[in-house]
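Got the viewer open? Here's a tour, stop by stop, with something to select at each one.

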Amino acid sequence: MTEPAVTSRATATSLRDRLAGVQRVAVVPAYNEEGAIASVIAEIRAADPDFDIVVVDDGSTDRTSDIAAEAGAHVVRLPYNLGIGGAVQAGLQYARDHDFDIAVQVDGDAQHDPLEIPKILAPIVEGKADLVVGSRFLGEGEYEPPVTRLLGIRLLARIVSVLIRQRVTDTTSGFRASNRRAISLFASDYPHDYPEVEAMVLVFRHRLKLVEVPVHMRLRGAGESSITFWRSAYYMLKVLLALFVGLFRRYPTPQEDR
Amino acid sequence: MTPFRVSIVAAIAALLLLFVIFELIRSRRLQERYAMLWLLTGIVILILGLWRGLLSTIADAVGIAYPPSALFALAAVFILLLLLHYSTVISRLADQNRILAQRLALLESRVEENRSAR
């Protein structure tokens, strides 16, 4: 079991060399996360001090913005709650406007472990991917969701795998990294509501490269996930509808794309 | 057979409605969020059109003697709910619009103050 650790440390060093001069930003969407946001920012700093951090406050009613600003992050405060899709897109627009090379999404609820960021960056730095998604189902960590949710996750993974002709396992993971191409695509077109699933298909339709890497995630610290059965069933239907209709849209390849 | 022909006309109308909804979503003039209700409407019309016994069954169950009345009652209730839903949507949009205007005005005054201070 020690061997993988050694290899990953070796790749980490060479990764650090290759990252020199690469402008990178962590996009942290946060909605009422005054309890977790400071430690998320500190952990990202500790994992990689060269990261710029932009916290997108999605209309919080608590002190999320103030705490994030005190912790030294850039804060984009949305005037009212837009939902995760609108918040992440605002962060990616920030990344585009400030000319960043790579944007990593790290959720504000401390679910994502910033120590895993290098793994998510690697395929982009190596030029193997435009969008990298951290998957909980590729062997790392032992995330075991309730049965109904697992079924939903499996079904979505199966459908998306067929649509994009590439095996994916974790379509709802929000732990992801985008390069310039993906940033510019998402800055102008990002799905609403439950965006992660559709974004994967969008990337494929625009002929960008998608890579999944194994990551472990923490269980949500404070409070249960707010997703109830009926609500997830509703979202599932909506996502399926969006995926289906999306099949009949024509997508221009982004301008930068040759 | 008249009932049969009516079924076909109703089904075609429902399918047409479903296609229009689909096309609106595809061309991004209708968000999935608001399309769900309309799709439900289209599917209900389709089912009622094809399964003609269903309407009588529903009418019997609720105690309406004349089945077409049940249809009108159902349609009225549905339209009422749809309108109520849109009233809430408009309220939310109006609220967000007010917040945007306030934020913009505050930003503008701040920019103005910064400029005159320099």
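## Stop 1: the two halves of chain B

Bear in mind that this is a predicted model. Begin by colouring chain B by domain: its assignment gives domain 1 (1-50) and domain 2 (67-118). Put a centroid on the C-alpha atoms of each, and you'll find the centres of domain 1 and domain 2 of chain B 27 Å apart.

For another feel of chain B, pick Val6(B), which sits in helix 1 of chain B. Is Val6(B) buried or exposed? Val6(B) has 12 other C-beta atoms within 10 Å, and 12 or fewer counts as exposed, so Val6(B) is exposed. Now draw a distance from the C-alpha of Val6(B) to that of Ile99(B): these residues are 93 apart along the chain, and the separation is 51 Å.

## Stop 2: a corner inside chain B

Next, select residues 52-62 of chain B, which is helix 3, and show it with helix 4 of chain B; their axes are 8 Å apart and the packing angle is about 85°. That angle makes helix 3 of chain B roughly perpendicular to helix 4 of chain B. Turn on side chains for the contact: helix 3 of chain B brings Leu55(B), Ser56(B), Ile58(B), Ala59(B) and Val62(B), while helix 4 of chain B brings Pro67(B), Ala70(B) and Leu71(B). Colour that set by class and you get 7 nonpolar residues, 1 polar and no charged.

## Stop 3: where the chains meet

Zoom out to see both chains. The contact uses 10 residues from chain A and 12 residues from chain B. On the chain B side, the elements giving two or more residues are helix 1 (2-26), helix 2 (32-50) and helix 4 (67-117). By class, that chain B side has 6 nonpolar, 2 polar and 4 charged residues.

Now select helix 9 of chain A (residues 229-246) together with helix 2 of chain B: they pack at about 100°, with axes 10 Å apart. Helix 9 of chain A and helix 2 of chain B are therefore roughly perpendicular to each other. Which residues of helix 9 of chain A meet helix 2 of chain B? Look for Lys238(A), Leu241(A) and Ala242(A), which meet Glu32(B), Arg33(B), Ala35(B) and Met36(B). This contact of helix 9 of chain A with helix 2 of chain B holds 4 nonpolar and 3 charged residues, with no polar ones.

## Stop 4: into chain A

Hide chain B and look at chain A by secondary structure: 9 helices and 7 strands. Of its 258 residues, 41% are buried. If you plot a contact map for chain A, contacts with a separation of 6 or more come 77% from residues 24 or more positions apart.

The largest nonpolar core has 71 residues, and those with the most contacts inside it are Val27(A), Val28(A), Val54(A), Val55(A), Val56(A), Ala103(A) and Val104(A). Helix 4 of chain A (residues 83-97) supplies the largest share of this core, 7 residues. Centre on Val27(A) and show its neighbours beyond four places in sequence; among them are Val54(A), Val56(A), Val88(A), Leu92(A), Ala103(A) and Val104(A).

## Last stop: Tyr190(A)

Finish at Tyr190(A), in the loop between helix 7 (180-188) and helix 8 (195-205) of chain A. Tyr190(A) counts as partly exposed, with 18 C-beta neighbours inside 10 Å. Leaving out residues up to four places away, Tyr190(A) touches Gly85(A), Val88(A), Gln89(A), Pro195(A) and Ala199(A). One more distance to draw: Tyr190(A) to Ala90(A), C-alpha to C-alpha, is 9.9 Å across 100 residues of sequence.

Methods. Residues numbered from 1 in each chain as written. Chains lettered and ligands numbered in written order. Predicted model: local features only at pLDDT ≥ 70, side-chain atom pairs only at ≥ 80, totals over all residues. Contact = placed C-beta atoms within 7 Å. Helix = DSSP H or I, 4+ residues; strand = E, 2+ residues; numbered from the N terminus. Nonpolar A, V, L, I, M, F, W, Y, C, P; charged D, E, K, R; others polar. Domains from an automatic or database assignment. Axes fitted to C-alpha atoms, helices over the stretch in contact; angles between N-to-C directions. Parallel < 35°, antiparallel > 145°, perpendicular 65-115°, else oblique. Core = buried A, V, L, I, M, F, W, Y, C linked by C-beta atoms within 7 Å. Buried ≥ 20, exposed ≤ 12 C-beta atoms within 10 Å, placed from the backbone.
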